[in-house]
Amino acid sequence: MIRELHVKNLALIQDIAIEFESGFSIFTGETGAGKSILIGAIGLLLGDRASTESVRAGAEEAEICGVFDLPGAAGPLADLLHESTIAVPENELIIRRKISVHGKNRIYMNQVPVPLALLKIIGNLLIDFHSQHEHQSLLLPETAPAIIDSLPGVTGAKSEYTDAYSRYSAAKSALEEHERKAAALKERRDILEYQFNELNSLELKPDEEHELETELQLISSSTERIQLAGEILDLLGSDSGSIAKSIAAIRKKLQSMSRFDQSTAQWLDDIDNAQRILSELETYCESYGDTVQSAADPRRMEFINDRIARIQRLKKKYSCSSSGLIDRAHALKADLDSLENSDAEWSSLARRLETAEKEARDKGARLSGIRKKTARQFDKRITAQMNTLGFKDGEWETECARIGQLT
């Protein structure tokens, strides 16, 4: 409820403060006394549009401030305030709105600046205006169900139905999505099968293209490599100035030196290692030519060239790398498997939908029964209140009607 209203420089009002007691309050007075201005001030606090013309003549701005008690605030209003990071200490909400003659409007809720759109939403949750020509929330189609659903005994059943309906909607969406995908795949079955067979027949392995290019480079350079190995042999085995002879002569000199100076003996092991390495290198080069020659098979080179060309052609066709070709083949296989299992998956999803629909209908029927029962009790209480207001022959009746099917 509104507890305090402060209005400053609005229309004819210079400065006024009103405190409301709990219960029923009435503005009364002669025509022109300012009743409509006060109602308009409350409307501005709830999100009505403001005009610079409403600022009192001679003033720079008008200010309206309202203090609202929100005991046990819950439901949509509490949720909205929380989402907007507006704290409500001691269940008190203070709304302050300033209207400048220069067209600037400022709105605060518990010192937090807020936009007009948020003020209007919160205002609709704070107060209902009931007058001859103004919109009343009771006339909104969604208001009556919201009132009944907020009554004790209904909220739990409504929550259960909402959860069940969510599961039904999810199951329905899953089945529809499956049917959509299956239909699209069926239309492309021939293309999928052709592309999969084309890629699967390639039997491409990870890093195979790189390995083939490396092997091709080795085969292409076989002549140069054989020639280089022969030249190394010539250097190792030349009668004049042979490396082996030179090393042997060096070793002999070192042995002679070591008889006089033991520090030179350490080089003998290195010389022996050098002789062993050169001997192994000579053996390697002697067999290297035969090994390269046997590997340089023209038919193997032709096979590698053809396979690389085939891989590159498919890479260009599908606009991807060689690893992308492998991934695409796996994806095509998954689509084809999905087509094969489509009927079984459809049956599973259809059973899930049938179960979810039955649950939603059962929860809906239970909710409907509780609503009708609670509505009858609500009607009796409202009718009794009407009688206290003088509507002796009045009767409040809530009509529960089916407005649609579960879809």
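## Tyrosines in helix H5

Tyr 165 and Tyr 168 sit three residues apart in helix H5 (residues 155-187), which is about one turn of the helix. Keep in mind that this is a predicted model. How exposed or buried is each of the two? Tyr 165 counts as partly exposed, at 29% relative accessibility, while Tyr 168 comes out at 4% and counts as buried.

Searching the whole structure turns up four aromatic pairs. For Tyr 165 and Tyr 168, the ring centres are 5.7 Å apart and the planes meet at 50°, so this pair is tilted. Add Tyr 161 and you have one aromatic cluster made of Tyr 161, Tyr 165 and Tyr 168.

## Tyrosines in helix H10

Helix H10 holds both Tyr 284 and Tyr 288, four residues apart, or about one turn of the helix. Their ring centres lie 5.4 Å apart with the planes at 45°, so this pair is tilted. Tyr 288 has 18% relative accessibility and counts as buried; Tyr 284, at 48%, counts as partly exposed.

## A nonpolar patch

Tyr 284 also turns up on the surface: with Ile 232 and Leu 281 it makes a nonpolar patch of about 260 Å². Ile 232 comes from helix H8 (residues 222-237) and is partly exposed, at 34% relative accessibility.

## Glu 282

Glu 282 belongs to helix H10 (residues 266-295) and counts as partly exposed, with 29% relative accessibility. Leaving aside residues up to four places away in sequence, Glu 282 touches Leu 233 and Leu 236.

How far apart are Glu 282 and Asp 327 in space? From C-alpha to C-alpha they are 48 Å apart, with their positions 45 residues apart in sequence.

How values were computed. Residues are numbered from 1 along each chain as its sequence is written. This is a predicted model: local features need pLDDT of at least 70, side-chain atom pairs count only at pLDDT 80 or more; totals for chains, interfaces and linings use all residues. Side-chain values use heavy atoms; hydrogens and water are left out. Patches are made of residues with over 30% relative accessible area and no salt bridge: like charges are joined within 9 Å, nonpolar side chains (Val, Leu, Ile, Met, Phe, Trp, Tyr) within 5 Å. Accessible areas come from the Shrake-Rupley method with a 1.4 Å probe; for residues, only the protein chains shown count as cover. A salt bridge is a side-chain nitrogen of Lys or Arg within 4 Å of a carboxyl oxygen of Asp or Glu. Helices (H or I, at least four residues) and strands (E, at least two) are DSSP runs, numbered from the N terminus. Buried means under 20% relative accessible area, exposed over 50%, partly exposed in between (1.4 Å probe, protein chains only). Contact means heavy atoms within 4.5 Å. Rings of Phe, Tyr and Trp (its six-membered ring) pair if their centres lie within 6.5 Å; planes under 30 degrees apart count as stacked, over 60 as edge-to-face and the rest as tilted.
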